[in-house]
Amino acid sequence: MILDAARLALANLLAPETRRVFWKVLGLTIFVLAVLWFTLRESFIAWVLPWFADYVPAVPDWAGWLAFVFGIVASIGLALSMALLLAPVTAVIAGFFLDDVAEVVERRDYPADQPGRALPLGAAIAGSLKFLGVVLAGNLVALLLLFIPGINLIAFFLVNGYLLGREFFEFAAMRFRSPEDARLFRAKHASTVFLAGLVVAAFLAVPIVNLLTPLFAAGLMVHLHKLLSRADPGFRG
């Protein structure tokens, strides 16, 4: 069941509709990071450099090139910092488009089924921020265990597998169920959801490809929720 859901989710990533969502997410991410980079750079020039000028004695003319080199290094460092934010910012922005991905999956693979309901804007914003928190918390735990041999990699997969599986499955379930029923349905099938979360965690661990993690996870859990609902038609919450 999980392998079928993952296979279908990967196929949906190649769908033209999903590619359009990804390009929108990536374009907005680059725009946000560019604005953040420009704001930080101008703030540094406007506030930090004058403060240094007041407290650091003037350097000789022959050492002026040091300031030039420092400026280049600082700009590169800021750009690298923005690159590290690429995945988290992408995750936040993608949270606003998860319903678009779910609709693509439902329309392509389950045309005879009743379509799900898009989450309200407030719930979408909360879900987006929650996903960011999940990613940060999971990787913080993994970072704290980084220097413990044999545990760091296991911790990364266990923590991210549980958190990502829970959040994305409940997102998919809430398109058809109340929030309380979605949580109960996830709890009833907790082991299956956790194993699917491990697949998402493995996807998250691949550099560059992990930018697609929210879209892949949303598609996988929509399929998994459909398959579990058919296997457990008697669930009443």
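Here is a quick tour of this chain, from its overall make-up down to a few residues worth clicking on. Keep in mind that the model is predicted. The chain has 10 helices and zero strands, and 37% of its 237 residues are buried. Charged side chains get a good share of the space below, since the count of salt bridges comes to nine.

**Overall make-up**

- Reading from the N terminus, the order of elements is simply α-α-α-α-α-α-α-α-α-α, with zero strands anywhere in the chain.
- Take the contacts with a separation of 6 or more: 83% of them are between residues 24 or more positions apart.
- The accessible surface of the chain is about 13,400 Å², and carbon and sulfur atoms hold 74% of that area.

**Segments from the UniProt record**

- The unreviewed UniProt entry lists "transmembrane region" for residues 21-40, 65-98, 118-137, 143-165 and 193-217.
- One of those segments, 21-40, is 100% helix and 0% strand in the model, and its end C-alpha atoms sit 29 Å apart.
- Another of the listed segments, 193-217, comes out at 68% helix and 0% strand, with 11 Å between its end C-alpha atoms.
- Have a look at where helix is interrupted around there: α9 covers 190-204 and α10 covers 213-231, and a loop lies between them.

**I208, in the loop between α9 and α10**

- I208 is found in that loop between α9 and α10.
- The backbone of I208 has phi near 70 degrees, a positive value in a residue that isn't glycine.
- For background, most residues other than glycine have a negative phi.
- I208 counts as exposed because its relative accessibility is 68%, and the cut-off for exposed is over 50%.

**D99 and its surroundings**

- D99 belongs to helix α5, which spans residues 98-109.
- With a relative accessible area of 10%, D99 is buried.
- If you skip its neighbours within four places in sequence, D99 is in contact with R117, A118, L119, F171 and R175.

**Salt bridges**

- Which residue pairs up with K226 in a salt bridge? The partner is D113, and the closest N and O atoms are 3.2 Å apart.
- That pair ties together distant parts of the chain: K226 is in helix α10, D113 is in the loop between α5 and α6, and 113 residues separate the two.
- K226 is buried at a relative accessible area of 8%, whereas D113 is partly exposed at 28% relative accessibility.
- R166 and E167 form another salt bridge, with 2.6 Å between the closest N and O atoms.
- On accessibility, R166 is partly exposed at 23%, while E167 is buried with a relative accessible area of 12%.
- E170 and R186 also meet through their side chains in a salt bridge, at 3.1 Å from N to O.
- This one links distant parts of the chain too, as E170 is in helix α7 (residues 152-173) and R186 is in helix α8, 16 residues apart.
- Is E170 buried or exposed? At 9% relative accessibility, E170 counts as buried.
- R186 is buried as well, with a relative accessible area of 15%.
- Elsewhere, D99, E106 and R175 are joined into one network by salt bridges that share partners.

**The buried face of α8**

- Helix α8 runs over residues 179-188, and A182, F185 and R186 are buried in it.
- Looking down the axis of α8, its buried residues fall within an arc of 100 degrees, so they line one face of the helix.
- R186 thus turns up twice here: as one of the buried residues of α8 and as the salt-bridge partner of E170.

**A nonpolar patch on the surface**

- F96, L121, I125 and L129 make up a nonpolar patch on the surface, and their accessible area together is about 390 Å².
- I125, one of the patch residues, is in helix α6, which takes in residues 121-144.
- I125 counts as partly exposed, with a relative accessibility of 35%.

Methods:
Residues are numbered from 1 along each chain as its sequence is written. This is a predicted model: local features need pLDDT of at least 70, side-chain atom pairs count only at pLDDT 80 or more; totals for chains, interfaces and linings use all residues. Side-chain values use heavy atoms; hydrogens and water are left out. UniProt positions are given in the numbering used here, feature names are shortened, and annotations may be inferred rather than shown by experiment. Helices (H or I, at least four residues) and strands (E, at least two) are DSSP runs, numbered from the N terminus. Buried means under 20% relative accessible area, exposed over 50%, partly exposed in between (1.4 Å probe, protein chains only). Contact means heavy atoms within 4.5 Å. The arc is that of the directions from the helix axis to the C-beta atoms. Patches are made of residues with over 30% relative accessible area and no salt bridge: like charges are joined within 9 Å, nonpolar side chains (Val, Leu, Ile, Met, Phe, Trp, Tyr) within 5 Å. Accessible areas come from the Shrake-Rupley method with a 1.4 Å probe; for residues, only the protein chains shown count as cover. A salt bridge is a side-chain nitrogen of Lys or Arg within 4 Å of a carboxyl oxygen of Asp or Glu.
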